[in-house]
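Here is a quick walk through one protein model and the ligand it holds. Take a look at the sequence and the structure, then read on for a few spots worth finding.

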Amino acid sequence: MSDAAPPIDLDGLRDDGLARIAAATSTDDLKSVEGDVTGKRSALLEARKSLGQLAPEDRKTAGQALNEVKTTLEAAMDARRSELAAVELATQLESERLDLTEVPTGVTVGHAHPVTQAWDELEDVFVGMGYRVAEGPGIETDWHNFDALNIPKGHPARDGFDTLYVEHGPPGSTLLRTHTSPVQIRTMLAQEPPIYIVAPGRVFRRDTADATHLPVFHQIEGLVIDKGISLADLAGTIEAFTTAYFGPGYTSRLRPNYFPFTEPSAEFDVQRPDGSWLELGGCGMVHPNVLRAGGVDPEEWSGFAFGFGIDRLASIKFGISDIRNYFRNDVRFLSQF
Ligand code: FA5
């Protein structure tokens, strides 16, 4: 540089410019910073004008250095502009966003019916134990509901099921299933053992409604067929599922009973808070005639079955003393569960 040339503080120009660019708070702000840093009124332009006063040999080097500073500042400006534009766009979108969420004020959210809750929970318990959920029709043949379950026509056990018949086919051949046990037969006919299924469903009887009976109610059937299944497996399974459903601390008993489709058979009761016992279901080892009706060889396979009343299971869990309340459709009652 010649002695006559005014000193150009390039580092100062660059650092000052970069600081101002970084400090810009909006794209508009940045525009005015641009004028000051690289524009017509900028120190950079002043410096460029002063290049003419430099000795020719210094002019080129100083010009290049000046251009580098200009390029650096312009690049910083572009980067900052994109940054600020993105922030401004996000702010604008946020302020223009329409909030379409409904705010429920004073609206009561409903829930599943207590019997449905029990149904779902029981399915979960058994699926957790490795069972599959099976289904059968509500309108059944007399054969699936009775004959195949070792209850031939004229058998006194038929009287125990107050059956509702449907006018379809020969008289007495079609009915509303009185229990979920026909699903045992349908499952055995549809698949080879081993079988581990539960079949929850609606059943119908000509029963007069009272505190523990309904004409339309729900059962959950269980069927296990495998090699070497014994009564101990049945007792253990009932203990496991009732504990999983009720939690510990309830009192239960198994008492001998008679069902044509199981041998031996038992009834399962649970004690209510008032000390009385409520029968929850029947169970037993599947009768060889039933295995045969399902196409299963009793010499090779054995199994157990059970059928529990879902409405009654739920009534114990929820402390409901009269199961007719389930179906009176009184929301004040149902909303408690
Ligand atoms: C049966 O229905 C047999 N199928 C159960 C079974 C299955 C036994 C497999 C052995 C092997 P029962 O009629 O006892 O059995 O009914 C079973 C359960 O259904 C009863 O314990 C009770 O919890 C429920 N139940 C019966 N009748 C009604 C009714 N009218 N209202 C509500 N629940 C009922």
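## Getting oriented

First, a bit of vocabulary: helices (H or I, at least four residues) and strands (E, at least two) are DSSP runs, numbered from the N terminus. With that in hand, you can place Asn329, which is found in the loop between α11 and α12. Keep in mind that this is a predicted model.

Asn329 is a good place to start. Its phi is positive, about 55 degrees, although it is not a glycine. Buried or exposed: which is Asn329? Asn329 counts as exposed because its relative accessible area is 62%, and exposed means over 50%.

## Around helix α11

Just before that loop comes helix α11, residues 310-318. This helix is mostly covered, with 7 of its 9 residues buried. Those are Ile310, Asp311, Arg312, Leu313, Ala314, Ser315 and Ile316. After α11 comes Gly319, with a positive phi near 70 degrees.

Further on, Arg324 also sits in the loop between α11 and α12. Arg324 counts as partly exposed because its relative accessibility is 28%. Leaving out residues up to four places away in sequence, Arg324 touches Ala209, Asp210, Ala211 and Leu214. Its side chain also makes a polar contact of 2.9 Å with the side chain of Asp322. For a sense of scale, try Arg324 and Leu98: they are 226 residues apart along the chain, and their C-alpha atoms are separated by 48 Å.

## The nonpolar cores

Which residues touch the most other members of the largest nonpolar core? They are Leu280, Phe304 and Phe308, in a core of 38 residues. Apart from it lies another core, this one of 24 residues, including Ile151, Ala157, Phe161 and Phe261.

Phe308 has plenty of company. Not counting residues up to four places away in sequence, its contacts are His218, Gln219, Ile220, Ile238, Phe241, Phe268, Leu280, Gly281, Gly282 and Leu313. Two of these should ring a bell: Leu313 is one of the buried residues of α11, and Leu280 is another of the core members just named.

## The ligand

Now for the ligand, which is surrounded by 27 residues. The closest are His179, Asp207, Leu214, Glu279 and Leu280. Leu214 also touches Arg324, while Leu280 belongs to the largest nonpolar core.

Some polar atoms come in here too. A nitrogen atom of the ligand lies 2.9 Å from a polar side-chain atom of His179. The side chain of Ser181 has an N or O atom that is 2.9 Å from a nitrogen atom of the ligand. On the backbone side, a polar atom of Gly309 is 3.4 Å from an oxygen atom of the ligand. Taken alone, the ligand exposes 670 Å², and the protein buries 95% of that.

## Salt bridges

Side chains of opposite charge can pair when their charged atoms come close. How many salt bridges does a search of the whole structure find? It finds 21. One network of them links Asp142, Asp147, Lys153 and Arg158.

Within that network, Asp142 and Arg158 meet at 2.7 Å, N to O. That pair links distant parts of the chain, with Asp142 in helix α6 (residues 142-145) and Arg158 in helix α7 (residues 157-160), 16 residues apart. Both Asp142 and Arg158 are buried. Arg158 also forms a salt bridge with Asp147, where the closest N and O atoms are 3.0 Å apart. Asp147 lies in the loop between α6 and α7, and it is partly exposed, with a relative accessible area of 24%.

Elsewhere, Asp36 pairs with Arg41, their closest N and O atoms being 2.7 Å apart. Asp36 counts as partly exposed at 27% relative accessibility, whereas Arg41 is exposed at 57%. Ser42 touches Asp36, along with Gly35 and Val37. Ser42 lies in the loop between α2 (27-37) and α3 (43-49), and counts as buried because its relative accessibility is 0%.

## Backbone oddities

Most residues other than glycine have a negative phi, and most peptide bonds are trans. Asn150 is one to look up: it is not a glycine, yet its phi is positive, about 70 degrees. You'll find Asn150 in the loop between α6 and α7.

There are cis peptide bonds to spot as well. One runs from Pro193 to Pro194, with omega near 0 degrees, and Pro194 is in the loop between α8 (182-190) and β4 (195-204). Another joins Glu263 and Pro264, with omega about -5 degrees; Pro264 lies in strand β7 (residues 262-271).

Notes. Residues are numbered from 1 along each chain as its sequence is written. This is a predicted model: local features need pLDDT of at least 70, side-chain atom pairs count only at pLDDT 80 or more; totals for chains, interfaces and linings use all residues. Side-chain values use heavy atoms; hydrogens and water are left out. Buried means under 20% relative accessible area, exposed over 50%, partly exposed in between (1.4 Å probe, protein chains only). A nonpolar core is a set of buried Ala, Val, Leu, Ile, Met, Phe, Trp, Tyr and Cys residues joined through side-chain atoms within 4.5 Å. Contact means heavy atoms within 4.5 Å. A residue is near a molecule or strand if one of its heavy atoms lies within 4 Å of it. A polar contact is a pair of N or O atoms within 3.5 Å; within protein, one must be able to donate a hydrogen and the other to accept it, and residues adjacent in sequence count only if both atoms are side-chain atoms. Accessible areas come from the Shrake-Rupley method with a 1.4 Å probe; for residues, only the protein chains shown count as cover. A salt bridge is a side-chain nitrogen of Lys or Arg within 4 Å of a carboxyl oxygen of Asp or Glu.
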